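Here is a short report to read alongside the sequence and the model. Keep the viewer open as you go through the headings.

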Amino acid sequence: MRNQRRQDNIEINQDLDFQSRYWMIERISWIIIVTVLLAASLGLFGSGPFSSAMMGDKEGPMWLEYDRFERLKTPTVLSVHLGPGVASNGRARIWLSRYYLERVQIEQVIPQPKNMEVASDRFIYVFKVAERDKSTLVIFRLKPEKPGVLSARLGLVDGPSLSFGQLIYP
């Protein structure tokens, strides 16, 4: 409804219905902007407290640190912690699912594996472990190659396994 009112000898056109809708849209826009900024600061679009994740039991034979949200072709890290006593004959054998490895590019593995084996559904990395009674950290530096939801599995040969997922933004 358009009204025309006179204030201080100035004619002002006003449409209160339009103004009311405009204010509502403005409030909704501000709520969306604040929500997006809050989600970004908490790690929904990159690093942050909601992005970092851990799988497994820190007192168990294996646990994993990774980021839930990643960007396409941006370097990321999987940190695999092996508990004491996991190695047998001085070697620890970790496997990663083929499905996961076909969607990421491994840039570096620290420490460098002594050997690598290929099975139908997984790749097995064999690491030399000097001290059997101490924890060992294995770091996979990789880059996601495909956007979308990426599910993965990793585990110890003849031992427990962990499943985790990542969302890869384009």
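## A pair of strands to begin with

In which sense do strand E4 and strand E6 pair, and over how many bridges? This is a predicted model, and in it E4 (residues 62–67) runs antiparallel to E6 (residues 76–82), with four bridges between the two.

Two residue pairs help you find this on screen. Tryptophan 63 sits opposite histidine 81 of E6, while glutamate 65 faces serine 79, also in E6.

## The sheet around E6

Now for the wider setting. E4 and E6 belong to an open sheet of five strands, whose order is E3-E4-E6-E11-E8 with antiparallel pairing. The edges are formed by strand E3 (52–56) and strand E8 (104–110), each of which pairs on one side only. From one strand to the next, the twist averages 20°. As a general reminder, the strands of a sheet pair through backbone hydrogen bonds, in either a parallel or an antiparallel way.

E6 also has a partner in strand E11 (residues 136–144): the two are antiparallel and share seven bridges. To locate this pairing, look for leucine 82, which stands opposite threonine 136 in E11.

Why can E6 be called largely enclosed by the rest of the structure? Six of its seven residues are buried, so the surroundings cover most of this strand.

## A buried glutamine in E13

Next, please turn to strand E13 (residues 161–169), where you will find glutamine 166. Is glutamine 166 buried or exposed? Its relative accessible area is 3%, and because the cut-off for buried is under 20%, glutamine 166 counts as buried.

The side chain of glutamine 166 has a polar partner: it makes a polar contact with the side chain of tyrosine 100, at 3.0 Å.

## A nonpolar patch on the surface

Which residues make the nonpolar surface patch of about 500 Å²? They are Met24, Ile28, Ile32, Val36, Leu44 and Phe45.

Isoleucine 28 is a handy one to select here. This residue lies in helix H1, which spans residues 16–42. With a relative accessible area of 45%, isoleucine 28 is partly exposed, because that value falls between the limits of 20% for buried and 50% for exposed.

Definitions and conventions
Residues are numbered from 1 along each chain as its sequence is written. This is a predicted model: local features need pLDDT of at least 70, side-chain atom pairs count only at pLDDT 80 or more; totals for chains, interfaces and linings use all residues. Side-chain values use heavy atoms; hydrogens and water are left out. Two strands pair if DSSP finds at least two bridges between them. Axes are lines fitted to C-alpha atoms, for helices over the stretch in contact, and angles run from 0 to 180 degrees between N-to-C directions. Patches are made of residues with over 30% relative accessible area and no salt bridge: like charges are joined within 9 Å, nonpolar side chains (Val, Leu, Ile, Met, Phe, Trp, Tyr) within 5 Å. Accessible areas come from the Shrake-Rupley method with a 1.4 Å probe; for residues, only the protein chains shown count as cover. A salt bridge is a side-chain nitrogen of Lys or Arg within 4 Å of a carboxyl oxygen of Asp or Glu. Buried means under 20% relative accessible area, exposed over 50%, partly exposed in between (1.4 Å probe, protein chains only). A polar contact is a pair of N or O atoms within 3.5 Å; within protein, one must be able to donate a hydrogen and the other to accept it, and residues adjacent in sequence count only if both atoms are side-chain atoms.
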